[in-house]
Amino acid sequence: MSQAYDVVVIGAGPGGYIAAIRAAQLGMRVACVEGWRNPDGELALGGTCLNVGCIPSKALLASSENFELARESFDAHGIGVDGVRLDLAKMQKRKAGVVQKMTKGIEFLFRKNKVTWLKGFGCFVGHEDDAYRIEVADDEVNGGQAQLVDAKHVIIATGSKPRALPGVDVDNRVVCDNVGALAMTEVPKRLGVIGAGVIGLELGSVWRRLGAEVTVLEALPTFLAGVDEGVRKEAWKRFREQGLRIELDARIAGVEVGADGARVRYSIGDGEPQVLDCDRLVVSVGRVPNTDGLGLDAVDLAVDERGFVPVDEYCRTSAPNVWAIGDVVRGPMLAHKAEDEGVMVAERIAGQDARIDYGTIPWVIYTSPEIAWVGRNEEQLKKEGRAFKAGQFPFSANGRALGSGHSAGFVKVLADAATDEVLGVHIVSAAASELIAEATLAMEFRASAEDIGRVSHPHPSMSEALREAALAATDRRSLNS
Ligand code: NAD
């Protein structure tokens, strides 16, 4: 006898668990299928983001930043610190504690909202009358006996997995993906990173701050292609100053893995062959959607040529009442985009007219300085032939930034030349991840640059730089530069 639900969500990452909770809040009978196990063998909710992604990386970024500040910046504040030493085991334990608090928090929210956690991996096994049949299996749950459930609506939220580099096997000992790169038990003397994307730069920063000599090999000839050019240049300058070695236009010819390290053979463009010897190698060359074993053919669904589940703007697949959200569908692989899609789908199932403005989803790279943006950049606007005005303000002229010792970077506001509507905001600075939220809100409400300039901002605060950049983009002009 199978159990029947209004909604079954497959996957309990930020897209799936949020969709499940929202659907339950709206009065539906909801189950969420999740079979993730952590290295200790314990089943956990939260998916990649909470277990081996956003949350643990931010814990290590904070710890490693504190370590570097104590060693290099406290002196400027008149604070002498002798004998700063690293206890990596303690740092990793703290990270694990943060992760556990978050994943247990979702278990609590599921109980509170009466969402049933179906432990195991889910796959479609059929479709009858008005319901989809899903099998949930885990070798250690129910004595290995698969469970069958029926659902009127199914939300696929199975996320993504690291993209493999052909011929390079990830063992998470010498060659690591995000999982191994977050779990190292000693600081490698030399760390190689393939791919200067979000993961490569964030985790490269962690291990550099803790003492590793980090070399990043990036295939593209442009650093952070897709990011605003001014921001890109500023970030490049800062990362190089910090000692992060980044090689662009790198073509990987092969990787040899030994007991204690790896040798990467590569060339820069068509140049001479080179080698990079490293104790650990991180491969971070993008992620691919996770549809393994999902049984899509049982419900007449197929992935597209890039492996994504095709959906429309409302995350509807071509199978009635089957929805897909997050990394497994088109659009940026960002946890908050998945969350927004989860809410939209749950509300649409409940009959509401929810929708998402995909043009106002912010991006953040948690390096130091952080990089954040929302909307379009100058290159994109020029390509579109859109007339725009740009206003920029440096943190070196912001009192709060100077006082706190975080005066690197700037805010740039781009606004329509005729209407003054904000079209994009680009920030490179400490706390850019927080500052971008105001810009996102402004764009969501289709604010003009003048609107931001006329809003009272606390003084002294980093947020004043956004106001000044907005003023600089209008005829009113910046007041402090
Ligand atoms: P990414 O797409 O950000 O970067 C991958 C990089 O690897 C690119 O610069 C690409 O040009 C390069 N590359 C690809 N093949 C290569 C090769 N053969 N040799 C050298 N370089 C190569 O991917 P990622 O950093 O792996 O992150 C994966 C996804 O996870 C991204 O979509 C990202 O949005 C998401 N993520 C987001 C955050 C965040 O929001 N802060 C953090 C981590 C991950």
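Visitor: How do the residues lining the second largest cavity divide into nonpolar, polar and charged?

Guide: Three are nonpolar, three polar and two charged. Ala, Val, Leu, Ile, Met, Phe, Trp, Tyr, Cys and Pro count as nonpolar, Asp, Glu, Lys and Arg as charged, and the others, Gly among them, as polar. The lining includes Lys119, Val136 and Asn142. This is a predicted model, where local features need pLDDT of at least 70, side-chain atom pairs count only at pLDDT 80 or more, and totals for chains, interfaces and linings use all residues. Residues are numbered from 1 along each chain as its sequence is written, and side-chain values use heavy atoms, with hydrogens and water left out.

Visitor: What makes the contact between Glu218 and the ligand a polar contact?

Guide: A polar contact is a pair of N or O atoms within 3.5 Å. An oxygen atom of the ligand is 2.6 Å from an N or O atom in the Glu218 side chain, so the pair qualifies.

Visitor: Which ligand atom pairs with the side chain of Arg163, and at what distance?

Guide: A nitrogen atom of the ligand, at 3.2 Å from an N or O atom of that side chain. The limit is 3.5 Å, so this pair is a polar contact too.

Visitor: What is the volume of the largest cavity, and which residues line it?

Guide: Its volume is about 50 Å³. Arg163, Ile199 and Gly286 are among the residues that line it. On a 1 Å grid over the protein atoms alone, a cavity is a set of points where a 1.4 Å probe fits but cannot get out, and lining residues have an atom within 4 Å of a point.

Conventions: Polar contact = N/O pair within 3.5 Å; in protein donor to acceptor, adjacent residues only side chain to side chain. 1 Å grid on protein atoms, 1.4 Å probe; cavity = no way out; pocket = protein on both sides within 12 Å on 5 of 7 lines; lining within 4 Å. Points joined across faces, edges and corners; volume = space filled by probe spheres on them.
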